[in-house]
Amino acid sequence: MRYLTFALAKGRLAKKSMELFKQIGITCEEMQDPATRKLIFVNEELKLKFFLAKAPDVPTYVEYGAADVGIVGKDTILEEGRRMYEVLDLGYGKCRMCVCGPESARGLLQHQELIRVATKYPHIAKDYFYNQKYQTVEIIKLNGSIELAPIVGLSEVIVDIVETGSTLKENGLKVLEEVCPLSARMVVNQVSMKMENERIGKIISELKKVI
Ligand code: PRP
């Protein structure tokens, strides 16, 4: 039997994902060691491999088949636009993709002004403004702490993830429009879905029972 390989997005999602797998009897002892510098973890008994990757790289590993299965946020799936199957909403990591800014920017959105939009998600922002709102905007790609942009005058609004809303609140910003709801998803390589249909199908149906 060949190994089934799982790519997990590093950070909050990975921990939750391993907890979920544990509930269906899939464990990985090696991964528990917090001091480890290892990148790949093996469960010999079940012939499974797990590795952690930066979230935007997970769809890349899955599309090319270096991982059969991936667990990653819907935000990353939409942004990366890779060819793969999204098979399951895991129900955790729930948050929203939103257009945010100071209250004063609300009018700029309503009047279709040519505004600047800072974001870590240029494809999602572009699709929203161009294809859904028919509003021409200038999109500025940033890599983090997106809330800074309207505060220091880099952009009028941002497109970013809102979970509790506390980052916005503490910085005097508001949700002005909602783009879409987000959560953790399971994705599968298109060839693996056919070749390993039995094993992957079983994992999906068992996960469905516990989520
Ligand atoms: C995310 C997001 C917001 C914040 C939202 O950032 O970009 O800044 O969390 O959460 P809240 O609504 O609960 O305050 P993250 O902490 O992942 O880091 P980043 O700013 O480097 O992207």
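Select β9 (157–162) and α8 (166–170): each supplies at least two residues of the shell around the ligand. Here helices (H or I, at least four residues) and strands (E, at least two) are DSSP runs, numbered from the N terminus. The largest share of this shell, three residues, belongs to β9. The model is a predicted one, in which local features need pLDDT of at least 70, side-chain atom pairs count only at pLDDT 80 or more, and totals for chains, interfaces and linings use all residues. Residues are numbered from 1 along each chain as its sequence is written, and side-chain values use heavy atoms, with hydrogens and water left out.

Next, display the ligand with the 13 residues that surround it, a residue being near if one of its heavy atoms lies within 4 Å. Lys120, Glu147, Thr164, Gly165 and Thr167 are the closest. By class, two residues of the shell are nonpolar, six polar and five charged; Ala, Val, Leu, Ile, Met, Phe, Trp, Tyr, Cys and Pro count as nonpolar, Asp, Glu, Lys and Arg as charged, and the others, Gly among them, as polar.

Now turn to the oxygen atoms of the ligand. A polar side-chain atom of threonine 164 is 2.5 Å from one oxygen atom of the ligand. For glutamate 163, a backbone N or O atom lies 2.8 Å from a ligand oxygen atom; for serine 145, the corresponding distance from a backbone N or O atom is 2.9 Å. Of the 500 Å² of accessible area that the ligand has on its own, the protein covers 70% (Shrake-Rupley method, 1.4 Å probe).

Finally, hide the ligand: the space it takes is the largest pocket. The volume of this pocket is about 1100 Å³, the space filled by probe spheres set on grid points joined across faces, edges and corners. Among its 41 lining residues, select Arg12, Asp75, Lys120, Tyr121 and Ile161, the closest to its centre. α4 gives the largest share of the lining, five residues.

Terms used: Polar contact = N/O pair within 3.5 Å; in protein donor to acceptor, adjacent residues only side chain to side chain. 1 Å grid on protein atoms, 1.4 Å probe; cavity = no way out; pocket = protein on both sides within 12 Å on 5 of 7 lines; lining within 4 Å. Sits in = over half its atoms within 2 Å of the grid points.
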